[in-house]
Amino acid sequence: MTNFNLDAFVADLESLRSEVEQTLSKVSDVESLETARVAFLGAKNGRLKAIQKGLSKLGREDKPAGGKQFNAIKKTVESLFSQTSVRMESPSKGAKAIEQIDVTLPGSSIRFGSVHPITQTIRRVSSIMSNLGFEVVDGPEVEDQWHNFEALAIPDEHPARDPLDNFYINVANFDRPVLLRSQTSTVQIRVMEHRKPPLRIVSLGRVYRPDTADATHYPMFHQVEGLLIEPGTTMAHLKSVLRSFASSFLGGDVRVRFRPSFFPFTEPSVEVDMEWNGRWIEMGGAGMVDPAVLASVGYDPNEVCGFAFGLGVERIAARRFGVADIRDFYRNDIRFLEQFHDRGQA
Ligand code: FA5
């Protein structure tokens, strides 16, 4: 300021305002904003403070107008600083707003999930068995020893009850340990205990055995259990149900083969093989329900008969999807799972 008249004072204020505008338009980070704030608004040596000192040198009659101009410019400058500060704090908000209205940008593709192949298999097996007249039922995964062994004619000394072959759980206030069920045959017992024949049920669910994982074994796997109790039932009915199921599930006319076997809860007992693509594959066990089992649930074995079967879900899923190693179902590798989009849906 050279002259302390009102015009010169106002001119100084105006030039400060335009300098502030120019400086702030170039400011790109918080540090340079702070430097500018100190330079223009600093309480000790700020430029505005220096101009304010000129106010006292104005003539008496110019002071009110000079003070008014000073306050107006001060307000403008402070507001310019606060606007710039807001811009610094939320640059992404501004960027986002631009993105939202840029309709020329290509859309981002949506990643679709898919139903796990084992769940697909469970749904499909349930659907096929429903069509064959079997009601889908469920049972608990934590079982007592009665339903997992004794009612199925598996006595105390039987090797299938060995602690090394089962996941037993000690529960406070329970007389005996319970266990993670080792087979879905437990559901046969639970249904027969509460219902009278005729029965046609199928149950699909998880079972647990401390088996070492390999291409055909996993410590947690799924079984499908079928039970039919009707007068006059024979092994021929069992075979034709399994053959109808296998043909629907795998496609084409699948042959089913029985090999003599032993299960404590069926008599006679068989291993069930299915022929597919020229190879015989073991799918599970089956047989006529043992009279001792019928008696254990309160049925009269002289009046009632039926068949039961239990198949490994992972094994039949592996057949259907052409998977060589059932461990692949549980590795959670998206590249593996992605291959089963929409295949085998019920
Ligand atoms: C049973 O579990 C009998 N409850 C089946 C049964 C039911 C027989 C009704 C008679 C009447 P088994 O232990 O063989 O049987 O198992 C049946 C099927 O489960 C096997 O054929 C196989 O397909 C599958 N399986 C058995 N262990 C495993 C495992 N660790 N991992 C994957 N699948 C398995």
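**Exercise 1. Surface and overall form**

Task: State how much area the protein exposes and what share of it carbon and sulfur atoms supply. Then describe the overall extent of the chain.

Solution.
Step 1. The protein exposes about 19100 Å², and carbon and sulfur atoms supply 52% of this area. The model is a predicted one.
Step 2. Of the 346 residues, 40% count as buried.
Step 3. The radius of gyration is 41 Å, whereas a compact globule of 346 residues would have a value near 20 Å.
Step 4. The C-alpha trace spans about 125 × 55 × 35 Å along its principal axes.
Step 5. The secondary structure consists of 12 helices and 10 strands. Among contacts with a separation of 6 or more, 64% are made by residues 24 or more positions apart.
Step 6. Positive side chains number 41 and negative ones 45, with the centres of the two sets 10 Å apart.

**Exercise 2. Strand 6 and its partners**

Task: Determine whether strand 6 is enclosed or open to the outside, and find which strand is joined to it by 10 bridges.

Solution.
Step 1. Strand 6 covers residues 220–229, and 10 of its 10 residues are buried, so the strand is largely enclosed by the rest of the structure. The cut-off for buried is under 20% relative accessible area.
Step 2. Sort the side chains by direction. Met 220, His 222, Val 224, Gly 226 and Leu 228 point one way, while Phe 221, Gln 223, Glu 225, Leu 227 and Ile 229 point the other way; all are buried.
Step 3. The strand joined to strand 6 by 10 bridges is strand 5 (residues 199–208), and the two run antiparallel. In this pairing Arg 206 is opposite His 222.
Step 4. Strand 10 (residues 306–312) is also antiparallel to strand 6, with 7 bridges between them. Here Leu 228 faces Phe 307, and Glu 225 faces Gly 310.

**Exercise 3. Strand 10**

Task: Give the burial of strand 10 and name the strand joined to it by 5 bridges.

Solution.
Step 1. In strand 10, 7 of the 7 residues are buried, so this strand is largely enclosed by the rest of the structure.
Step 2. Gly 306, Ala 308, Gly 310 and Gly 312 point one way, and Phe 307, Phe 309 and Leu 311 point the other way.
Step 3. Strand 9 (residues 279–289) is joined to strand 10 by 5 bridges, in antiparallel fashion. Gly 285 of strand 9 stands opposite Gly 310.
Step 4. Combine the pairings: Gly 310 has Glu 225 opposite it and also Gly 285.

**Exercise 4. A three-stranded sheet**

Task: Work out which strands stand at the edges of the sheet with the order 2-4-3.

Solution.
Step 1. The sheet is open, has 3 strands, and its pairing is antiparallel.
Step 2. Strand 2 (142–143) and strand 3 (167–169) are the edge strands; each has a single partner strand, so one side of each lacks a neighbour in the sheet.
Step 3. Strand 2 pairs with strand 4 (residues 178–180) over 2 bridges, and Glu 143 is opposite Leu 179.

**Exercise 5. Two residues and their surroundings**

Task: Locate Tyr 218 and Glu 89, and describe the setting of each.

Solution.
Step 1. Tyr 218 sits in the loop between strand 5 and strand 6. Apart from neighbours within four places in sequence, Tyr 218 contacts Ala 213, Ile 326, Arg 327 and Tyr 330.
Step 2. Tyr 218 and Gly 252 are 34 residues apart along the chain, and their C-alpha atoms are separated by 29 Å.
Step 3. Glu 89 belongs to helix 4 (residues 63–89). Its relative accessibility is 66%, so Glu 89 counts as exposed.
Step 4. Glu 89 and Val 30 are 59 residues apart in sequence, and their C-alpha atoms are 8.4 Å apart.

**Exercise 6. Backbone exceptions**

Task: Identify which peptide bonds are cis and which residues other than glycine have a positive phi.

Solution.
Step 1. Start from the usual case: most peptide bonds are trans, and most residues other than glycine have a negative phi.
Step 2. The bond between Pro 197 and Pro 198 is cis, with omega about 0°; Pro 198 is in the loop between helix 8 (185–194) and strand 5.
Step 3. The bond from Glu 267 to Pro 268 is also cis, with omega near -5°, and Pro 268 lies in strand 8 (residues 266–276).
Step 4. Ala 153 has a positive phi of about 60°. This alanine, Ala 153, is in the loop between helix 7 (145–148) and strand 3, and is partly exposed at 28% relative accessible area.
Step 5. Asn 332 has a positive phi near 60°. The loop between helix 11 (313–321) and helix 12 (334–337) holds Asn 332, which is exposed at 63% relative accessible area.

Methods: Residues are numbered from 1 along each chain as its sequence is written. This is a predicted model: local features need pLDDT of at least 70, side-chain atom pairs count only at pLDDT 80 or more; totals for chains, interfaces and linings use all residues. Side-chain values use heavy atoms; hydrogens and water are left out. Helices (H or I, at least four residues) and strands (E, at least two) are DSSP runs, numbered from the N terminus. The radius of gyration is taken over C-alpha atoms; the globule rule is 2.2 Å times the number of residues to the power 0.38. Buried means under 20% relative accessible area, exposed over 50%, partly exposed in between (1.4 Å probe, protein chains only). Contact means heavy atoms within 4.5 Å. Accessible areas come from the Shrake-Rupley method with a 1.4 Å probe; for residues, only the protein chains shown count as cover. Lys and Arg count as positive and Asp and Glu as negative; His and the chain ends are not counted. The place of a charge is taken as NZ of Lys, CZ of Arg, CG of Asp or CD of Glu. Two strands pair if DSSP finds at least two bridges between them.
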